[in-house]
Amino acid sequence: MSYLTKNYNRKKISFKYGKGSYLYSTDNKKYLDFVQGIAVNSLGHAHPKLVKTIANQSKKLWHVSNAFEIPEGEKLAKKLCKKTFADFVMFQNSGAEATEAAIKVARRYFYSIGKPKKNRILCVKNSFHGRTLAAIYASGSKKMTEGFGPKVTGFDHFTFGNHESLKKKITKNTAAIMVETIMGEGGIKVIPDWCLVELRKLCNKKKILLILDEVQCGIARSGDFFAFENSKVKPDIVPIAKGIGGGFPIGAVLMNKKVASAMIPGTHGSTFGGNPLAMTVGNTVMDIVSNKKFLKNVKNISKYFFFKLNNLKKLYPNIIKNIRGKGLLIGLQLQTDQTKFIKKLMDNKLLTIRAAENVVRILPPLNVKKKEINQAVKIINKVCKVLN
Ligand SMILES: *Cc1c(COP(=O)(O)O)cnc(C)c1O
């Protein structure tokens with residue numbers, strides 16, 4: 001008997017501890033963990049530097065109110081701004097909070113310049129921005145919103161890749177376009193660089209804001225610090241979360257000066273957001289993953305992994321339909337049943353997770369070793385062979 005609500009379809013497996021890319025189950029089996037808490041544990045399990053950081057800080061100071069200055073947060077915000085397009089940062093605790101805060105910033109900006117009716121957010125149909133009330137309606141997914149009415153209004157939707165539908169949906173009341181640079185839950189669908197460039201141009205022309213949700217694809221996951229970086233596009237607002245805490249719950253909204261000017265005292269707040277313990281952990285993660293050499297490594301190992309996976313696709317065209325993604329945010333779109341495939345990988349001690357469109361999501365830690373990639377490829381090969 002479990003006293004937990006049944007809102008998750010949990011696999012019958014639990015873990016005692018983890019180390020790097022590996023998880024050790026309570027029934028004493030060793031798994032290669034290519035889920036990593038869904039792109040959360042950027043540095044794998046129990047990274048020595050993170051263990052040390054959290055141990056040291058836990059003896060000093062965990063939490064103070066945002067009524068006071070928090071130097072650890074100042075430090076992390078500065079690092080994020082120096083590394084990216086952003087001029088200002090507002091800390092939260094999760095992805096959904098970050099995307100909702102991003103929406104608040106966009107609306108408040110137009111309010112602050114005397115255009116309060118310009119408040120609608122245009123999103124991709126069946127995208128994912130979190131599970132809070134506004135975020136589920138932002139996602140425009142029937143499944144996620146079912147039974148949670150009344151509808152939170154203020155969101156419009158266009159179809160991924162349909163540029164005509166996108167243009168048609170922009171009205172005089174549109175405040176912002178909000179898209180995931182790489183759709184995660186939606187099936188690892190990458191917005192190509194040229195589309196990002198066009199998207200920015202469109203936003204400029206219509207004088208609306210561009211919000212790029214990098215909660216899953218950001219923080220070095222794509223091989224660049226942000227997945228949009230290579231396009232040279234500068235968004236106005238970027239919510240982040242998952243990877244920045246390395247397993248500690250941290251969310252944040254990055255923004256430019258223009259929109260940040262609307263966030264005057266009293267406009268937003270969070271009791272826990274940006275507390276000293278979280279910020280100290282965030283600083284350590286940031287120092288490691290924003291390093292040029294680290295990012296280059298992610299790119300190199302990603303190239304190797306994609307090469308190996310493409311070989312498997314050639315070997316098993318009846319099993320693997322497509323390989324999607326960028327960096328270490330990888331999706332295998334299957335011809336065969338996703339659930340069965342994931343189960344077989346797990347039976348062979350490789351953990352992966354589903355995404356929409358019959359995709360198996362593969363999310364190694366960003367410091368994954370080549371021999372661990374080889375091990376995963378071997379297991380995927382074996383499962384393809386069995387199911388072929
Ligand atoms: C996971 C995710 C969220 C929500 O994050 P939570 O921490 O679960 O609230 C929002 N946007 C994207 C793109 C995500 O992948």
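1. Let's start with a sheet. Four strands make up an open sheet, and their order is S1-S2-S3-S15, with mixed pairing. At the edges stand strand S1 (15-19) and strand S15 (350-351); each has a single partner strand, so one side of each is left without a neighbour in the sheet. Keep in mind as you look around that this is a predicted model.

2. Stay with that sheet for a moment and look at S2 and S3. Strand S2 covers residues 22-25 and strand S3 covers residues 30-33, and the two pair in the antiparallel sense over 3 bridges. If you want a residue pair to click on, Tyr-24 stands opposite Lys-30 in S3. As background, strands of a sheet pair through backbone hydrogen bonds, either parallel or antiparallel.

3. Now for strand S10, residues 209-213. Is this strand enclosed or exposed? Here 5 of the 5 residues are buried, so S10 is largely enclosed by the rest of the structure. Leu-209, Ile-211 and Asp-213 point one way from the strand, while Leu-210 and Leu-212 point the other way; all are buried. That fits the general picture: in a regular strand the side chains alternate between the two faces of the sheet. Do note Asp-213 in that list of buried residues.

4. What does S10 pair with? Strand S7 (residues 174-180) is joined to S10 by 5 bridges, and the two run parallel. One place to see this is Ile-177, whose bridge partner in S10 is Leu-210.

5. Next, a little cluster around Lys-189 and Arg-324. Lys-189 sits in strand S9 (residues 189-190), and Arg-324 belongs to strand S13 (residues 320-326). Are these two side-chain carriers buried or exposed? Lys-189 has 16% relative accessibility, which is under the 20% cut-off, so it counts as buried. Arg-324 also comes out at 16% and counts as buried.

6. Where do their side chains go? The side chain of Lys-189 makes a polar contact with the side chain of Glu-357, at 2.8 Å. For Arg-324, a polar atom of the side chain lies 2.8 Å from the backbone oxygen of Gly-187. Leaving aside neighbours within four places in sequence, Lys-189 is in contact with Phe-160, Thr-181, Ile-182, Met-183, Arg-324 and Glu-357. On the same basis, the contacts of Arg-324 include Gly-187, Ile-188, Lys-189, Phe-306, Glu-357 and Val-359. So Glu-357 turns up as a contact of Lys-189 and of Arg-324, and these two residues touch each other as well.

7. Glu-97 is worth a look too. You'll find Glu-97 in helix H4 (residues 95-112), and at 28% relative accessibility it counts as partly exposed. Its side chain reaches the backbone nitrogen of Asn-93 at 2.9 Å. Setting aside neighbours within four places in sequence, Glu-97 is in contact with Gln-92 and Ser-270. Ala-241 is 144 residues away along the chain, yet the C-alpha atoms of Glu-97 and Ala-241 are separated by 9.1 Å.

8. On to the second largest pocket, which holds about 780 Å³ of space. Its lining has 28 residues, and Asn-66, Val-89, Met-90, Phe-91 and His-268 lie nearest the centre. Which elements help to line it? Helix H3 (71-83) and strand S4 (88-92) each supply at least two residues, and the largest share, 5 residues, comes from S4. By class, the lining is made of 14 nonpolar, 11 polar and 3 charged residues.

9. Finally, some backbone oddities. Most residues other than glycine have a negative phi, and most peptide bonds are trans. Against that background, a cis peptide bond joins Gly-149 and Pro-150, with omega at about 5 degrees. Pro-150 is in the loop between helix H6 (142-145) and strand S6 (155-158).

10. Two residues other than glycine with positive phi are also worth checking. Gln-36 has phi near 50 degrees; its place is in helix H1 (residues 36-39), and at 0% relative accessibility Gln-36 counts as buried. Asn-126 has phi near 60 degrees and lies in the loop between strand S5 (120-124) and helix H5 (133-139). At 45% relative accessibility, Asn-126 counts as partly exposed.

Notes. Residues are numbered from 1 along each chain as its sequence is written. This is a predicted model: local features need pLDDT of at least 70, side-chain atom pairs count only at pLDDT 80 or more; totals for chains, interfaces and linings use all residues. Side-chain values use heavy atoms; hydrogens and water are left out. Buried means under 20% relative accessible area, exposed over 50%, partly exposed in between (1.4 Å probe, protein chains only). Two strands pair if DSSP finds at least two bridges between them. Contact means heavy atoms within 4.5 Å. A polar contact is a pair of N or O atoms within 3.5 Å; within protein, one must be able to donate a hydrogen and the other to accept it, and residues adjacent in sequence count only if both atoms are side-chain atoms. On a 1 Å grid over the protein atoms alone, a cavity is a set of points where a 1.4 Å probe fits but cannot get out, and a pocket is an open set with protein on both sides within 12 Å along at least five of seven lines; lining residues have an atom within 4 Å of a point. Grid points are joined across faces, edges and corners, and a volume is the space filled by probe spheres set on the points. Ala, Val, Leu, Ile, Met, Phe, Trp, Tyr, Cys and Pro count as nonpolar, Asp, Glu, Lys and Arg as charged, and the others, Gly among them, as polar.
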